[in-house]
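Thank you for making time this morning. I would like to walk through one structure with you, beginning with a cysteine and then moving on to the ligands and the empty spaces, so please have the picture open as I talk.

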Amino acid sequence: MSDKEKLSTIIDPDELKKEIMAKYPGKVQKKRSKGFVVNDPKDESLEIQANVRTIPGIITQRGCTYAGCKGVILGPTRDVVNIVHGPIGCSFYAWLTRRNQTRPLTEEDENFMTYAFSTDMQDSNIVFGGEAKLKKAIKEAYEMFKPHSIAIFSTCPVGLIGDDVHAVAREMKAELGINIFGFSCEGYRGVSQSAGHHIANNKIFSNVVGINDEKVVDSKFRMNMMGEYNIGGDAFLLEDYFKEMGIELVASFSGNSTIESYEYAHKVDLNVVMCHRSINYIAEMMEKKYGIPWFKVNFIGAHASAKSLIKIAEYYGDDEMIKKTKELVDREMKRVEEVIAEVRPKLEGKTAMMFVGGSRAHHYQELFAEVGMETVAAGYEFAHRDDYEGRRVIPNIKIDADTRNIEDLTVEKLDEQFRPDLQERKAKLEKSEFAFENYDGMMPEMRKGALVIDDISHHESEELIAKVKPDIFCAGIKEKYVIQKHGIPLKQLHSYDYGGPYAGFQGAINFYREIERMLTTNVWKMVDAPWKEEPEIVGSVVTEYC
Amino acid sequence: MKSPHKTYTATRNACKLCAPLGASMAYKGIQGCVPIIHGSQGCATYVRRYMISHFREPVDIASSNFSEESTIFGGGPNLKMALTNVGNQYKPHHIGISTTCLSETIGDDVPQIIQEFRKEQPDLSHVGLAHAATPSYCGSHIDGFHHAIVAVIKNLSDKTLKNDKIVLLPGMLSPADYRYLKDVFDFMGQDVILLPDLSESLDNPHWHDYKRIPDGGTTPQELFEIGGSKGFIQFGDVFNRGASANTVSKRKIETPGSVLSDKYQLKGKTVGMPIGINATDRFFEAVLEMSGKQMPERYEKERGRLVDAYTDGHKYVFEKRAVVYGEEDFVIGLTEFLSEIGVEPVLIATGGKSNVFESIIKEKLQTGHQPKIMTGADFEEISEQCKDVNPDFIIGHSKGYYISKQLNVPLIRVGFPIHDRIGGQRVKHIGYEGTHELFDRIVNALLEYKQSNNAIGYKYL
Ligand code: SF4
Ligand code: SF4
């Protein structure tokens, strides 16, 4: 055991928490303590505070509601022109900054992802209203591209001056004859991006999903994938697996996707959910309305991917598919095991921390575990309690003003399109402990004494690093240079540091290699100049094996 | 000649950023200053992300985190809480506040809120507070930058200490540029106050112990000396005239220079961005005149080497056609330089909309060239115009990359933001040395282009 490993086990997590909290003034301390939990996977009464407002002046990595709606959910969809209604910055900053990839089927296929449309409001629009300008912008976009659809995103000032983007959308839709819809996703509406996900889910569900019932979708096995955003080409790998299994992927919400495919996305037999936080709403609503079952999958980590693929095959219950899937898994796992055997001895016993997203901080723990690394602290940026503690706590989650702000759609069963056959299949499978509508969250899978921290602040991450000295820290670009100044390598799990894909089997291999590279770099050895009298080892990660 | 291009209502791929970004960048150049953006948290997060991906450094900017409630009852309580928390956690010398479109639309009275905060938090009375109103519907990032400097002068500076220093207001340039300027004054033996001083705080070395507030920036001592200094020199022909990147607002804007003159009766000189030999000569002349110092031999030589390089490289750049875009003052500087080395700037574009851009460009052009000049332009308009002008290269920040890709011509990355290459903070643009680097980069990009588009593969050019 290296000194550092000892350190991470010697430290008493409760003491550490006390120390970190002690630096906050009373009120802040009280609030932050609830979002900073020492884990015990067996203790069902353990609660974490999540999805509450960040305290003003405490620096957060969270974005706004608009970012969640436009950037996350609608960002990766290529056949929609996204018009940001507001002053210029909001649009500019969301212009092609996520690394979603897309693959139009032909050269002529629409792809508007590279555009940043904005009404670029000026003071006269703020004073006299911006609806007229918005209408003009919509007409322009229509004339320029004749796009499949147009979406309008409201930014903060819009809500305040009272522009009715929905009325504008309806009017323009009637006039231009394409689908046009607006989102009331002003940045202040919610606690974080998460509110924007919900708002996006609602609108996509009510204005897009199911509007094309004519389209013939008649392959034998049909599925939607949800909550996969095709960062670094993750979805492309998964699409290949599904193809090999004989499944038609009808729509993906929303990596490598089109609005057009959402319109007939109700013609599937199954929805699988990757990122529970951002997309569970649509999955739930589709089940209510159309009777399509959903369950949670995870394609981050080779073992998790194998399990998820086999579960999908078992759901369909088709012998041929099960056989093909097992072959696929065996073939791929062989390659994966070879790399693990090579990499694991170098990484075994190292520690990781990850603070990111609404599902990644959970999913990536599997990948690290496969190479023998332990996650000693983790947390989300914009998740809710169910993402930590599991869906079982949903009925107990306190509804605060921010949550109430976002409409919960009332969805009713649509008799003519409802699929009782799928519900029967679900009931049958449930008897054999096949889980649907499931997500157990991050906490049950982390060890006792690990720290679970929601919306971690700079102060907290600095202290954690100083005291626990993890070997690697996973977060995003905003934390990257802070953490690296501490001498700890940071792996970006939003944009993958321009690497990837990391999903599925090849993705797992890519990730192991990447972590090996990061933990064996020579850089940290050079921190101290040779003429320094007592060299301090700053990034002690490397000294053992290179 | 102003080209008759079709005007659009929507902005498609903007060629400007928003005002709190510029303000926060300027505040980062004040020692011990933590910026707060007063509005919803998304703006601060986006601004941080943008600055971080350019500078690749920690960039802490706090937010007053508006909720729906704040949009109804005002953001006072949130701002006060943000000030308190930043004050306690960072122990800053100053806090630099800029407002967002939201808090401005609501009409928050920030000076009033600050007064209340002062009463309620006497323990933080030592923390200086600067406040700039920076709604982005009244200007772009470059306005924000200037407003923040104005705020620093008004709220944080003084003239308690009489001195022989020169105040230098360089504007939005890279840390490498700021370091160059510091060296110039150092070498001349003339004390200088850089306002702001971006030479270090956004390009830090690796640290042993983490620093919540990076080193560097205009010091509190220097802020006290501003009013008692010898005078000031400011870079830029547009914004220092009180123009805004937004003509719609028609407000005559206070400039750092005008405030220095009004508040302290300081005399100042305005020179353009010192890019190219002529512009750098004017800068040195201004410094020599104000300081009474001699031109150091070192810079004579630097200048000489640059002239030598111009003659060496002339055959490669002469009559090449360039598209240039970015902030107005910066573009004006680049244009003068390009025209000086024999490049024809065929399309000169800015997202700003000041009234003075075109006329200044025309003054600066040495040849009889008639470039297309676009103000209030976005990248789609630039892209459309590019098809007619047939450029050999494009010069500007990373956002224009897609145009260079469409046209298959090199992009010389300058200015802000550069987030698709490493080292944006170390790109030097100004002085003889910065010009020299820029010149070499342009020539080499053209040579490389020639080589890689040639079947034979000449290795002797
Ligand atoms: S609201 Fe204004 S300040 Fe905020 S990001 Fe948008 S343009 Fe910038
Ligand atoms: S103004 Fe609102 S919508 Fe725009 S970036 Fe800021 S918080 Fe987000």
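Let me start with A:Cys474, which is buried, since its relative accessible area is 0%. Please keep in mind throughout that what we are looking at is a predicted model.

Why is A:Cys474 not bonded to another cysteine? The closest cysteine sulfur belongs to A:Cys275, and because 17 Å separates it from the sulfur of A:Cys474, the two are too far apart for a bond. For anyone new to the term, a disulfide is a covalent bond between the sulfur atoms of two cysteines. Over all chains, the structure holds zero disulfides. B:Cys15 fits that count, being in no disulfide, with the nearest cysteine sulfur, that of B:Cys386, 11 Å away. Is B:Cys15 buried or exposed? With a relative accessibility of 5%, B:Cys15 counts as buried.

Now to the ligands, and first to ligand 1. Around ligand 1 we find A:Pro87, A:Gly89, A:Cys90 and A:Tyr93 from one chain, and B:Cys18, B:Pro20, B:Cys43, B:Thr100, B:Cys101 and B:Ser136 from the other. Because residues from chains A and B surround ligand 1, the site is shared between chains. Helix 5 of chain A gives the most to this shell, namely three residues. By class, the shell around ligand 1 is made up of seven nonpolar and three polar residues, with no charged ones.

Ligand 2, for its part, lies between chains A and B. The residues surrounding ligand 2 include A:Cys64, A:Tyr66, A:Cys90 and A:Cys156 on the chain A side, and B:Ser40, B:Gly42, B:Cys43 and B:Tyr46 on the chain B side. Which element contributes the largest share of the shell around ligand 2? That is helix 2 of chain B, residues 41-55, from which three residues come. The shell around ligand 2 has six nonpolar residues and four polar ones, and again no charged residues.

This brings me to the cavities, of which the structure holds 15 with a volume of 30 Å³ or more. Ligand 1 sits in the largest cavity, and the space taken by ligand 2 is the largest cavity as well. About 200 Å³ of space lies in this largest cavity, and among its 20 lining residues, A:Gly89, A:Cys90, B:Cys43, B:Thr100 and B:Cys101 lie nearest its centre. At least two lining residues each are supplied by helix 5 (88-93) and helix 8 (156-161) of chain A, and by helix 2 and helix 5 (101-106) of chain B. The lining of the largest cavity counts 13 nonpolar and seven polar residues, and no charged ones.

The second largest cavity has a volume of about 130 Å³. It is lined by 16 residues, and A:Arg32, A:Arg53, A:Thr54, A:Ile55 and A:Asp455 are the closest to its centre. Here the lining divides into five nonpolar, five polar and six charged residues.

Finally, let us turn to a pocket. The second largest pocket has a volume of about 1,300 Å³, and its lining consists of 42 residues, with A:Asn51, A:Ile397, A:Lys398, A:Ile399 and A:Thr403 nearest the centre. Helix 13 of chain A provides the largest share of that lining, six residues. By class, the lining of the second largest pocket has 13 nonpolar, 13 polar and 16 charged residues.

Methods: Residues numbered from 1 in each chain as written. Chains lettered and ligands numbered in written order. Predicted model: local features only at pLDDT ≥ 70, side-chain atom pairs only at ≥ 80, totals over all residues. Heavy atoms only, no water. Near = heavy atom within 4 Å. 1 Å grid on protein atoms, 1.4 Å probe; cavity = no way out; pocket = protein on both sides within 12 Å on 5 of 7 lines; lining within 4 Å. Sits in = over half its atoms within 2 Å of the grid points. Helix = DSSP H or I, 4+ residues; strand = E, 2+ residues; numbered from the N terminus. Nonpolar A, V, L, I, M, F, W, Y, C, P; charged D, E, K, R; others polar. Disulfide = S-S within 2.5 Å. Buried < 20%, exposed > 50% of the residue type's maximum accessible area, 1.4 Å probe, protein only. Points joined across faces, edges and corners; volume = space filled by probe spheres on them.
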